[in-house]
Amino acid sequence: SDPDLVARARAAKAALGDRVFILGHHYQRDEVIEFADVTGDSFKLARDAADRPDAEFIVFCGVHFMAESADILTSADQRVILPDLAAGCSMADMATAEQVAECWDVLTDAGVADTVVPVAYMNSSADIKAFTGRHGGTICTSSNAERALTWAFEQTAGAARSASDKGGGGRGAGKVLFLPDQHLGRNTAVRDLGISPDECVVYNPHKPHGGLTAEQLRDAKMILWRGHCSVHGRFSLDSVNEVRERVPGVTVLVHPECKHEVVEAADLVGSTEYIIRALDAAEPGSTWAIGTELNLVRRLAKAHPDKEVVFLDRTVCFCSTMNRIDLPHLVWTLESLVEGRVPNVITVDPETEKFAKLALDQMLALP
Ligand code: 13P
Ligand code: SF4
């Protein structure tokens, strides 16, 4: 990176001292990670932000939904800053508040809403988290999705009982509406909870009634929102077959945001933090193909020179929105703070925050 920018970032960070706390998601560029006080997945970073009540400014090097979660979990006088407001997440954008409200009407009309508990992936807007909190659901991340789903199905058993006590519902008891990543939802339901793929239906917000009949909704156990990650969704069965041919003896390790067929063909599946731990524990001389974001895979390859670490599919690119946060944006943010300006503050309105926090707190309380 440009030595002048590095020097300016160092000087501005030093001038701010403990007033600023910089969080770096694992998918961020090296030039940004260099200045992070902590790194982690979205869940860990939200907790890390909450653990620093003394820091006036939380600079979140990640994407918009992560900064929103940090704002919800930090105190009112702390300001959460996203160095580039265009750093969104295409998956989070695939479920809007209006679409999800319409989906709930469809579930209500089909007579199943009473027996549905929503589970929203961390990678969703604060509005979707608030919807989840309002309907007694929980947030999950890729590292606790199994526990979240197990908990949700336990709640649905209760919901189904009380619905049938009231004389309604009860049919097809125990459903989860999983938002917005269909792949994480399906992979967790099928692999970890033993639910059949036939019991999973996909709700398409762009079709009338989600493209589903009332009967399909009544028969389903998992109602998966039709969303996906534009990075992880690009790994294919061919990627796995090709790497096994190219690198004999390779262990294929993929993130659960990948398609079900990719996850089925892989040797190991896990969250960002799981992938990092697996590489730390791996034998010297072992060979790995990793299916997650490229910045992280490159850093893992550098950190483990005694192992061979390759990218699962060389045609898949960086997460373009994660990459929007670069050193010039970080320098601009820090220098603005030094000069007394507070740019790009992310705030969630109090009503949304109240219900989103319910769902986030439910996640933190998962057994
Ligand atoms: P985690 O940070 O929870 O591993 O999620 C992966 C991801 O795609 C983040 O945008
Ligand atoms: Fe969103 Fe996927 Fe990028 Fe994560 S990697 S921010 S889920 S688009």
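Strand β1, residues 20-25, pairs with β2 in the parallel sense, and 3 bridges hold the match. If you would like a residue pair to click on, try L23, whose bridge partner in β2 is V38. Please keep in mind as you look around that this is a predicted model.

On to the other partner of β1. Strands β1 and β3 also run parallel, here over 5 bridges, and I22 stands opposite V59 in β3. From β3 you can step across to β4: these two strands are parallel as well and are joined by 3 bridges. One pair to look for here is F57 with its bridge partner R79 in β4.

Put together, these pairings give an open sheet of 4 strands in the order β2-β1-β3-β4, with parallel pairing. At its edges are β2 (38-40) and β4 (79-81), each of which pairs on one side only. From one strand to the next, the twist averages 25 degrees.

Now bring the helices into view. Helix α3, residues 42-50, lies across β1, β2 and β3 (57-61), and runs at about 170 degrees to β1. Helix α4, residues 64-73, packs on the sheet too, where it touches β1, β3 and β4. The direction of α4 makes about 155 degrees with that of β3.

How enclosed is β3 by the rest of the structure? A residue counts as buried when 20 or more other C-beta atoms lie within 10 Å of its own. By that test 4 of the 5 residues of β3 are buried, so the strand is largely enclosed by the rest of the structure.

A good residue to follow from here is F60. Leaving aside its neighbours within four places in sequence, F60 is in contact with L23, M66, A67, A70, V80, I81 and L82. F60 is also one of the residues with the most contacts inside the largest nonpolar core, along with I58, V254 and I290. That core has 112 residues. As a general point, nonpolar side chains in soluble globular proteins tend to be buried together.

Next, have a look at ligand 2. Which residues are closest to it? They are C89, M91, C229, V231 and C319, out of 13 residues that surround the ligand. Sorted by class, this shell has 8 nonpolar, 4 polar and 1 charged residues.

Finally, a few backbone details in the loops deserve a stop. L179 and P180 are joined by a cis peptide bond, with omega at about -25 degrees. You will find P180 in the loop between β7 (175-179) and α8 (182-193).

H209 has a positive phi of about 55 degrees although it is not a glycine. This residue lies in the loop between β8 (200-203) and α9 (214-219). Is H209 buried or partly exposed? With 17 other C-beta atoms within 10 Å, H209 is partly exposed.

N344 also has a positive phi without being a glycine, in this case about 50 degrees. The loop to search is the one between α14 (327-338) and α15 (350-364). N344 has 19 C-beta neighbours inside 10 Å, so it counts as partly exposed.

Conventions: Residues are numbered from 1 along each chain as its sequence is written. Chains are lettered from A and ligands numbered from 1 in the order in which they are written. This is a predicted model: local features need pLDDT of at least 70, side-chain atom pairs count only at pLDDT 80 or more; totals for chains, interfaces and linings use all residues. A residue is near a molecule or strand if its C-beta atom, placed from the backbone, lies within 6 Å of it. Ala, Val, Leu, Ile, Met, Phe, Trp, Tyr, Cys and Pro count as nonpolar, Asp, Glu, Lys and Arg as charged, and the others, Gly among them, as polar. A nonpolar core is a set of buried Ala, Val, Leu, Ile, Met, Phe, Trp, Tyr and Cys residues joined through C-beta atoms within 7 Å. A residue is buried if 20 or more other C-beta atoms lie within 10 Å of its own, exposed if 12 or fewer, and partly exposed in between; C-beta atoms are placed from the backbone. Two residues are in contact if their C-beta atoms, placed from the backbone, lie within 7 Å. Two strands pair if DSSP finds at least two bridges between them. Axes are lines fitted to C-alpha atoms, for helices over the stretch in contact, and angles run from 0 to 180 degrees between N-to-C directions.
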